[in-house]
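Let's take a walk through this structure together, one piece at a time. Have the sequence and the picture open as you read.

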Amino acid sequence: MDVEIVAVGGYNEVGRNMTAVRCGKEIVIFDMGIRLDQIMIHEDADLEKMHSLDLIEMKAIPDDTMMNTVEGTVKAIVCTHGHLDHIGAIPKLAHRYNAPIIGTPYTIELIKQQIQGEQKFGVNNKLQVLRSGNRYRISQNLTLEFVRTQHSIIDTVMAVLHTKRGAVVYANDFKLDRTPVLGDPPDFARLRQIGKEGVLALIVESTNIERKGRAPSERIAKELVRDTMTSYEDDKSAIIVSTFSSHISRIKTIAECAYEIGRKPVLLGRSMERYSTTAEKLKLVAFPKNLSVFGNRRTVDRTLRQIMKNGKDKYVPIVTGHQGEPGAILTRIAHGDTPFRTAKGDKILFSAKVIPNPMNYGQRHLVETLLRMKGARIFDELHVSGHAYVEDHYELIHLLNPQHIIPSHGDIDMTGGYLRFAEGCGYTLNNDLHLLRNGQRVLIK
């Protein structure tokens, strides 16, 4: 059986991830993501109403037209977690393939919401829930298994495609967090067992490969946030926290710290509402009883007016906008476009890192400058990464002992950094180590 890895998207950049694995005449697609910064450049871009070909031209979604040159039938579309750079293009591309979309319960729920919001294409693919630790038979020759891991969104897995030639492991994205805030640690025993059974190829993210040591546990972020928030227990100024709306573990931490210091946690923003209420509905998280959530602009502004009236010291707004995104709550607050008025001594906590691209750096700088001009105090990087560092990658290779490695999910600096690392582990470029760019493919010999 021929096994071929096809790099569709996410091999030139961070974002718009999509990889196809061809096994004989059968193809399994992993991920269909978007690249958010490309969409943000076009201010009038309304994703739900846009055509896939326009979005491909903008380099916002993977160029899957190359799939026409891959001989075989797509049997499944597999998503390992619910971040938009992995599932955001499903409403635009999935309808082209007569195949089920397979994901964890939380991921499938988020995909369902994406499809419902789509206004250009009808996506009628079957949505198949697969829990970590379980298997799904794709065909006579192919079986899919989900293995539990950790990341900055709940219900994340590594996907293992069992073929007659061995397993193909798709590890985009992961961290080996042994003490997570939500969910269980990665299933090290199963990964070790898969390694013994035989791994033909590992397709692996390279995002943080240049960072030394191990990625700190989410418990570290919990203590950073808690230490900062509890030190202002008796403060009468505002405490506003901005984090990733999909980072349910972090939002739980912030809400619990707010409760602990006698303030009411209030989640503000459409994406905050979507991710949190979905997680609660699936019983994947329990927030403090006094938490409130408001999504649409009118109720958000009404809530901010109420906070001003009742006293800032009674609330902790948890808001979108840590990247300085136009239209996000914190950006609007900084520009004075809401009923909330920032005053001297107000504390703005960023429990997130700036996603590294020039646009984000510029927008975030503007938001911070505007807030400082009003007298706000900025607390930066109360955060740990959701991506593996170099020693985590080292551990994964030793658990799986793959015959071949294909680094992905990164620009040339990141995938090139992974090459240097993998060569140090005994792999050789163009032999058992393969550097791909978008549109390229490699036959695993």
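Let's start in strand E15, where Tyr 315, Pro 317 and Val 319 point one way while Val 316 and Ile 318 point the other way, and all are buried. That kind of pattern fits a general rule: in a regular strand the side chains alternate between the two faces of the sheet. E15 spans residues 315-319, and five of its five residues are buried. Keep in mind that what you're looking at is a predicted model.

So who sits beside E15? One partner is strand E13, residues 264-268, which runs parallel to E15 and is joined to it by five bridges. Look for Pro 265, whose bridge partner in E15 is Val 316. Another partner is E12, also parallel to E15, with two bridges joining them. Here Val 241 has Ile 318 of E15 as its bridge partner.

Stay with E12 for a moment. This strand covers residues 239-243, and Thr 243 is found in it. Is Thr 243 buried or exposed? Its relative accessibility is 1%, and buried means under 20%, so Thr 243 counts as buried. Leaving aside residues up to four places away in sequence, Thr 243 touches a whole set of others, including Arg 250, Met 272, His 322 and Ser 351. Two residues of E15, Ile 318 and Val 319, are also among the contacts of Thr 243. There's a long-range link to look for as well: His 383 is 140 residues from Thr 243 in sequence, yet their C-alpha atoms are 8.9 Å apart in space.

Now for some helices. The axes of H5 (residues 105-117) and H9 (residues 270-281) come within 10 Å and cross at roughly 130 degrees. That angle makes H5 oblique to H9, and the crossing is right-handed. On the H5 side, the residues that meet H9 are Tyr 106, Glu 109, Leu 110 and Gln 113. They meet Arg 274, Tyr 275, Thr 278, Ala 279 and Lys 281 in H9. By class, that contact has four nonpolar, two polar and three charged residues.

Last stop: strand E8, residues 143-148, where five of six residues are buried. E8 pairs with E7 (residues 135-137) in the antiparallel sense through three bridges, and the two form a hairpin with five residues between them. You can spot Arg 135 standing opposite Glu 145 in E8. E8 also pairs with E9 (residues 157-163), again antiparallel, over six bridges. In that pairing, Leu 144 stands opposite Leu 161 in E9.

How values were computed
Residues are numbered from 1 along each chain as its sequence is written. This is a predicted model: local features need pLDDT of at least 70, side-chain atom pairs count only at pLDDT 80 or more; totals for chains, interfaces and linings use all residues. Side-chain values use heavy atoms; hydrogens and water are left out. Helices (H or I, at least four residues) and strands (E, at least two) are DSSP runs, numbered from the N terminus. Buried means under 20% relative accessible area, exposed over 50%, partly exposed in between (1.4 Å probe, protein chains only). Contact means heavy atoms within 4.5 Å. Two strands pair if DSSP finds at least two bridges between them. Axes are lines fitted to C-alpha atoms, for helices over the stretch in contact, and angles run from 0 to 180 degrees between N-to-C directions. Angles under 35 degrees count as roughly parallel, over 145 as roughly antiparallel, 65 to 115 as roughly perpendicular and the rest as oblique. A crossing is left-handed if the near helix is turned anticlockwise from the far one by less than a right angle, and right-handed if clockwise. Ala, Val, Leu, Ile, Met, Phe, Trp, Tyr, Cys and Pro count as nonpolar, Asp, Glu, Lys and Arg as charged, and the others, Gly among them, as polar.
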